Amino acid sequence: MSSLAGSKRIAALTAELEGLLAESLDGSAAERADTAFEWETFKRRCAAMDHHVVGSLAEVPIEELGESSLASALWTLLRISAAEANRRVKEARDLGPRSSMTGEPLEPMLRNTAAAQWRGEIGAEHVKTIRRFFKKLPGFVNHDTREAAEAQLAELACGLRPEHLRVAADHLAILLDQDGELTDADLAKRSYLTKGKQQADGTSEIRGCADPELGALFDAVLAKWAAPGMCNPDDDNPCLDGEPGQDARTRDVRTTGQRNHDALKAVLRAMLASGQLGSHKGLPVTIVISTTLKELESGTGHAVTGGGTLLPMSDVIRQASAAHHYLAVFDEHTQEPLYLGHAKRLASKAQRIVLYARDRGCTRPGCTAPGYWCEAHHDDGWAANDSPTDIDKLSLACPADNKLIEKTGWSTRKRKDGRTQWIPPPKLDWGQARVNNYHHPERYLIPDSHDEKSDDDEDDSS
Ligand SMILES: [Zn+2]
């Protein structure tokens, strides 16, 4: 099917859907239930079309899409989240058609699951459970056992609700886990630690699964630092060394979870202060904080770190004396840096702090990479190095997007208000956003007074 033929069929489907939506779905209870069931089956079959679409995009050289990866092509093109784009790419790999090195068609990796999805007998929740099962399956499980498990789970999924399939899959995993010894690679596959997005109340969820070694390290650290009376933020002088006195222990009303949290915070703070973490992109590993003079003086509002976390101003001020953070203070209106704590003698370091503080993250529209992950990109197209350069010509870009500029002809330039515009090469220009407001969410809520089109015109005529 050429993509033109594909478009025609989608247009025909859309026309059918419009007819269906205009149709009254009345009838007996049994007839209405039938319609609900048939519609669900149809929607489930559409997932097979997702794999078809992703597979067809995967055949195009990625530069021709003007992107750094298939997933980023999907999230830009379809305006879906990065998590959803990654899921679609991986699911198409597991459930979509494949071909051998010589181009011969191969069955999908999870072939029974794919077949059940194609028939519309299983939905997204079933597929998620089966894929999760195989992600966690230990390396010692042999090929035949894997195949048998896949066939069994796919068959079960056709008759069970997702919750029930999950219980069955968990049980099968336990049975298979007992047949051998987990290798280091199996443990590595299962261990992870993630910090979630910051919530409206300022907290972020940390989740994880520790391998035995990290578990043991945690135990040792928590035994000391999370003991009752240690590192208690309610104390005027929290005990950080030695044994907490009886008084401090009695005063401590924190839960175990709270004490673990405060212990980890104290350990990380001590690590940063020790200076033993080396440097990261030219700066000692530390927290870079930016704020405006107005907020600093009023002691209210929030500062922003190079990792994109909002920090209440009261915390910044409270920590200022003890901490080894870098602090950048900006004028509220002109965005001019007024003060650079710690590093003002070194131009390249100062630049990096200002970049963190001003751009906060990758400036490419749609990119969510925070400042700490980014490199300085020179808007004139030169590689930014450590020699002092006019800060007005630098923008933050993550490594993947920096490559995009080198390889696929994207360019950047500064708007008059200091925001970086990303200009696609003409053949890849389908009217994408030019500036990234992700790291400055306050900008989403106010109209952009800097009309991008007229900005282009001004630049073109100059
Ligand atoms: Zn980026």
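The following exercises, each with a worked solution, concern salt bridges and a strand pair in a predicted model.

**Exercise 1.** Determine which parts of the chain are tied together by the salt bridge between R251 and D235, and state how accessible each partner is.

*Solution.* Begin with the contact itself: R251 and D235 form a salt bridge in which the closest N and O atoms are 3.0 Å apart, and this satisfies the cut-off of within 4 Å. Next, place the partners: R251 belongs to helix α11, residues 246-251, while D235 sits in the loop between α10 (212-225) and α11, so the pair ties together parts that are 16 residues apart in sequence. Finally, classify the two residues: R251 has a relative accessibility of 48% and is therefore partly exposed, whereas D235, with a relative accessible area of 8%, is buried.

**Exercise 2.** For the salt bridges D252 to R254 and D429 to R434, decide whether each partner is buried or partly exposed.

*Solution.* The class boundary required here is that buried means under 20% relative accessible area, with partly exposed lying between that value and 50%. In the pair D252 and R254, whose side chains meet at 2.7 Å from N to O, D252 has a relative accessibility of 11% and is buried, and R254, at 9%, is buried as well. In the pair D429 and R434, where the closest N and O atoms are 3.1 Å apart, D429 reaches 34% and is partly exposed, while R434, with a relative accessible area of 12%, is buried.

**Exercise 3.** State how many salt bridges the model contains, and identify which residues are linked with R131 in a network.

*Solution.* The count comes to 25 salt bridges. The network that includes R131 also links E84, R87, R88, E91, R93 and D94 through salt bridges.

**Exercise 4.** Describe how strands β14 and β15 are arranged, and work out which residues of β15 lie on each of its faces.

*Solution.* Start from the pairing: β14, residues 411-414, and β15 run antiparallel and pair over four bridges, with K414 standing opposite T420 in β15. The connection comes next: the two strands form a hairpin with five residues between them, and in the turn G418 has a positive phi of about 90°. For the faces, recall that side chains alternate between the two faces of the sheet in a regular strand. In β15, residues 420-423, T420 and W422 lie on one side and Q421 and I423 on the other. These four residues are all buried, and both faces of β15 are therefore covered.

Conventions. Residues numbered from 1 in each chain as written. Predicted model: local features only at pLDDT ≥ 70, side-chain atom pairs only at ≥ 80, totals over all residues. Heavy atoms only, no water. Buried < 20%, exposed > 50% of the residue type's maximum accessible area, 1.4 Å probe, protein only. Pairing = 2+ DSSP bridges.
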